[in-house]
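Student: I should like a close look at a single part of this predicted model, namely the charged side chains and their pairing. Please give one connected account, and place that part beside the interior of the protein.

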Amino acid sequence: MVASCHAVGAHGIAGNRLFPGTLTFDDPAVSDEAVLPDFSSLNRPAQGSNVVDNRINWSFVRLLTPTLAVSIDSGWIHQSWPVGRTSGFDTTDIGLKYEAFRNNEHEALVSVGLAWGIGQSGAQGVGADEANTIQPAVFFGKGFGDLPDWLSWARPLAVTGAIVDALPAGPTGKALAPNLAIGKFGTVLVPQVQTLHWGVSLQYSTYYLTSRFTGGPPKQEPLNQFVPLVEFSFDSPLGQTTGATMNPGFAYVAVTWQIAAEMIVPLNRDGGSGTGFRAQLLFFLDDLLPSLFGKPLLGDKPDRSLIAWH
């Protein structure tokens with residue numbers, strides 16, 4: 001694949017390093033992209049019972065400038081309880097994300113974000129009838145392809161991570177909770193709690209095992225590669241137990257799309273009641289539809305390079 005001029009903002013690339021889109025938290029890249037579908041299934045504790053959550057989420061991200069993007073995401077939730085089933089829309093989020101730091105030679109990216117979870121945009125029946133939330137965030141990625149020769153075995157490795165602080169702007173929300181005694185659902189008030197969503201991933205890029213990696217600046221974008229990875233995801237409500245999961249899986253990144261799949265392995269009771277699964281199909285819009293997404297909305301084509309060292 002020969003990199004084309006409209007592909008310079010399409011992927012999460014810093015020099016030789018490709019950071020694939022992660023599934024449990026956002027990656028550090030700022031680019032034109034769409035996710036549809038993002039499917040997950042997990043048995044978890046909720047409302048004093050257990051529920052099987054099946055989710056189909058989607059997201060759309062559009063560059064405003066070469067380093068600033070606007071995003072919108074939501075989804076559909078279907079829940080299976082011991083007393084019946086519920087379904088409805090998830091909360092809709094609108095946000096901004098800015099690439100704050102880039103070093104292609106040392107394979108480093110840092111971005112910051114701010115999102116608004118729109119209150120009452122989700123369905124009460126699936127517990128998404130919540131207050132407005134403000135969500136400041138930091139995203140980072142660091143590859144180890146710049147290590148010296150005596151550590152060459154570790155060059156394929158990379159870490160990414162995210163920290164998102166969800167701050168509720170209202171005291172309570174409503175949800176349906178199962179009443180096992182009568183076999184029906186009842187409406188309950190759910191206190192809104194500040195929650196820290198955070199996670200890290202460890203990735204292994206097969207690109208570094210090929211002749212395409214020379215140790216210097218790449219001649220082409222490091223696409224068409226397979227990336228095994230494991231993500232660790234944590235949800236920490238203020239004053240409550242942190243829910244934790246380990247998510248081993250893989251991503252394959254092509255020129256216009258990425259496919260990824262992971263197992264969801266709960267690390268404690270709050271993380272889930274059994275092993276789950278998630279899968280995602282991501283499209284790189286400025287490669288897929290360059291006539292529509294070939295440049296940012298508020299500027300010309302991106303003036304940055306994702307692979308040049310200087």
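Tutor: Arg44 has a relative accessibility of 23% and therefore counts as partly exposed, since the buried class ends at 20%. Its salt-bridge partner is Asp53, and the closest N and O atoms of this pair are 2.6 Å apart. Asp53, by contrast, is buried, because its relative accessible area is 4%. The pair thus joins a partly exposed residue to a buried one. Arg44 and Asp53 do not stand by themselves: together with Arg55 and Asp90 they are linked in a network of salt bridges.

Two further pairs may be set beside this network. In one of them, Arg102 forms a salt bridge with Glu99, with 3.1 Å between the closest N and O atoms. Glu99 is buried, as its relative accessible area is 7%. In the other, Lys142 is bridged to Asp146, and here the closest N and O atoms are 3.4 Å apart. Lys142 is partly exposed at 25% relative accessibility, and Asp146 falls into the partly exposed class as well, with 32%. Over the whole structure, the search finds nine salt bridges.

The nonpolar interior supplies the setting. The largest nonpolar core consists of nine residues: Ile13, Leu18, Val35, Leu223, Val253, Leu282, Phe284, Leu306 and Ile307. One of these, Leu18, touches His11, Gly12, Ile13, Gln203, Pro222, Leu223, Gln225 and Val253, if residues up to four places away in sequence are left out of the count. Ile13, Leu223 and Val253 thus appear both among the contacts of Leu18 and in the core itself. Apart from the largest core lies another, of five residues, including Phe25, Phe139, Ala162 and Val164.

The enclosed space remains to be described. One cavity of 30 Å³ or more is counted, and the largest cavity holds about 60 Å³ of space. It is lined by 13 residues, of which Gly12, Phe19, Gly21, Asp27 and Phe284 are the closest to its centre. By class, the lining divides into seven nonpolar, four polar and two charged residues. Phe284 connects this part of the picture with the preceding one, for it is listed in the lining and also belongs to the largest nonpolar core. Gly12 is likewise a lining residue, and it is touched by Leu18 of that core.

How values were computed
Residues are numbered from 1 along each chain as its sequence is written. This is a predicted model: local features need pLDDT of at least 70, side-chain atom pairs count only at pLDDT 80 or more; totals for chains, interfaces and linings use all residues. Side-chain values use heavy atoms; hydrogens and water are left out. A salt bridge is a side-chain nitrogen of Lys or Arg within 4 Å of a carboxyl oxygen of Asp or Glu. Buried means under 20% relative accessible area, exposed over 50%, partly exposed in between (1.4 Å probe, protein chains only). On a 1 Å grid over the protein atoms alone, a cavity is a set of points where a 1.4 Å probe fits but cannot get out, and a pocket is an open set with protein on both sides within 12 Å along at least five of seven lines; lining residues have an atom within 4 Å of a point. Grid points are joined across faces, edges and corners, and a volume is the space filled by probe spheres set on the points. Ala, Val, Leu, Ile, Met, Phe, Trp, Tyr, Cys and Pro count as nonpolar, Asp, Glu, Lys and Arg as charged, and the others, Gly among them, as polar. A nonpolar core is a set of buried Ala, Val, Leu, Ile, Met, Phe, Trp, Tyr and Cys residues joined through side-chain atoms within 4.5 Å. Contact means heavy atoms within 4.5 Å.
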